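Hello,

I am passing this structure on to you, with the sequence and the model shown below. My notes on what was found follow it.

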Amino acid sequence: MRTILFVLLGFLLMGTAYAHGVTAGDKGYIQEIEGLNLIPYMYLGAKHMVTGYDHLLFLFGVIFFLYRLKDIGLYVSLFALGHSLTMLAGVYFDVNVSSYLIDAIIGLSVVYKALDNMGAYQRWFGFQPNTKIATLVFGLFHGFGLATKIQEYDMSANGLLPNLLAFNVGVELGQLLALGAILILMGFWRRMESFQRHAYTANVVMMAAGFLLIQYQLTGWFLS
């Protein structure tokens, strides 16, 4: 239990420290290369997902009460479909959206999922929203968040589509790696008696992290 809470608190503190933007080294490298560079873009995609704490928080919330691999695969696939569509379309068609606002919505997705896991909607409104549709819709917003980061790379138009597809493959590989680590931790925790006792607390911490992400991004938007 302590390990899970420390991980969540770490995500929360990271949100106050920095956004998972583009490092100067990565941006400089991308600006220097031309043409087809599939492996570098796959690496950058995987790196971005593994270090994208807001995406990982949402995924953590999505799989929190999922036990069967079939269900985990379905929800992760819906999330991947959503963010792949908007990431590719956003960059290819040069859709300009404020990264602060998109990232604030991503923070909102974390809050939404935490409240869902806490059973808040059934208590407040007397019904359960469709979790599959919610996962797909928030995946679309997460994809726009990825698109805003990719646009910071100033990618060359030469080989743009194949490089974008390679980046997306990298994102999915990074997501699988991160998901595997999360599932291992969750597997150990679920075997303990403390899981049911502290699950609510863990989601409260996750919700707080989501609110902090929203506040951080909206502050950046107002000051920009």
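**Asp94 and its surroundings**

Asp94 is partly exposed, with a relative accessible area of 49%. That figure, like the others in this email, is computed from a predicted model. The cut-off for exposed is over 50% and that for buried is under 20%, so a residue at 49% falls in between.

Asp94 belongs to the loop that joins helix 5 and helix 6. Its phi angle is near 55 degrees, which is a positive value in a residue that is not glycine. Which residues does Asp94 touch, once its neighbours within four places in sequence are left aside? They are Ala89 and Gln151. Gln151 is 57 residues away along the chain, yet the two C-alpha atoms are separated by 8.0 Å.

Val95 is in that loop as well, between helix 5 (69–92) and helix 6 (99–117). Val95 is partly exposed, at a relative accessible area of 33%. It is also one of the members of a nonpolar patch on the surface, together with Tyr92, Phe93, Val97, Leu161 and Leu165. The accessible area of this patch comes to about 540 Å² in total.

**The chain as a whole**

The chain has 10 helices and zero strands. Read from the N terminus, the order of elements is α-α-α-α-α-α-α-α-α-α. Of the 224 residues, 51% are buried. The area that the chain exposes is about 10,900 Å², and 69% of this is supplied by carbon and sulfur atoms.

Among contacts with a separation of 6 or more, 87% are between residues 24 or more positions apart. Gln31 gives an example of a pair far apart in sequence. Gln31 sits in helix 2 (residues 24–32) and is partly exposed, at 42% relative accessibility. Apart from neighbours within four places in sequence, it is in contact with Tyr153 and Asp154. Tyr153 lies 122 residues from Gln31 along the chain, while their C-alpha atoms are 6.9 Å apart.

**Helix 4 and helix 8**

How many residues of helix 4 (residues 53–63) are buried? The count is 11 of 11, so by the cut-off of under 20% relative accessible area this helix is mostly covered. The buried residues of helix 4 include Tyr53, His55, Phe58, Phe60 and Ile63; Asp54 and Gly61 are among them too.

Helix 8 covers residues 131–151. With 21 residues at 1.5 Å a residue, the helix should span 30 Å, and its end C-alpha atoms are indeed 30 Å apart. The N-terminal end of helix 8 is capped by Asn130, whose side chain places an oxygen 3.0 Å from the backbone nitrogen of Lys132.

**Salt bridges**

The structure has three salt bridges.

- Lys149 and Asp103 are joined through their side chains, at 2.9 Å from N to O. Lys149 is in helix 8 and Asp103 is in helix 6, so this pair ties together parts that are 46 residues apart in sequence. Lys149 counts as buried at 4% relative accessibility, and Asp103 is buried with a relative accessible area of 4%.
- Lys113 pairs with Asp116, and their closest N and O atoms are 2.8 Å apart. Why are these two separated by about one helical turn? Because they are three residues apart in helix 6. An α-helix has 3.6 residues a turn, so residues three or four places apart point the same way. Both Lys113 and Asp116 are buried.
- Arg68 pairs with Asp71, with 3.1 Å between the closest N and O atoms. Arg68 is exposed, its relative accessible area being 52%.

**Where to look first**

To get your bearings in the viewer, you could start at Asp94, in the loop between helix 5 and helix 6. From there, Gln151 is a residue that Asp94 contacts, and residue 151 is where helix 8 ends. Lys149 is also in helix 8, and Asp103 is its partner in helix 6.

Regards

Technical notes
Residues are numbered from 1 along each chain as its sequence is written. This is a predicted model: local features need pLDDT of at least 70, side-chain atom pairs count only at pLDDT 80 or more; totals for chains, interfaces and linings use all residues. Side-chain values use heavy atoms; hydrogens and water are left out. Patches are made of residues with over 30% relative accessible area and no salt bridge: like charges are joined within 9 Å, nonpolar side chains (Val, Leu, Ile, Met, Phe, Trp, Tyr) within 5 Å. Accessible areas come from the Shrake-Rupley method with a 1.4 Å probe; for residues, only the protein chains shown count as cover. A salt bridge is a side-chain nitrogen of Lys or Arg within 4 Å of a carboxyl oxygen of Asp or Glu. Helices (H or I, at least four residues) and strands (E, at least two) are DSSP runs, numbered from the N terminus. Buried means under 20% relative accessible area, exposed over 50%, partly exposed in between (1.4 Å probe, protein chains only). Contact means heavy atoms within 4.5 Å. The expected span of a helix is 1.5 Å times one less than its number of residues. A polar contact is a pair of N or O atoms within 3.5 Å; within protein, one must be able to donate a hydrogen and the other to accept it, and residues adjacent in sequence count only if both atoms are side-chain atoms.
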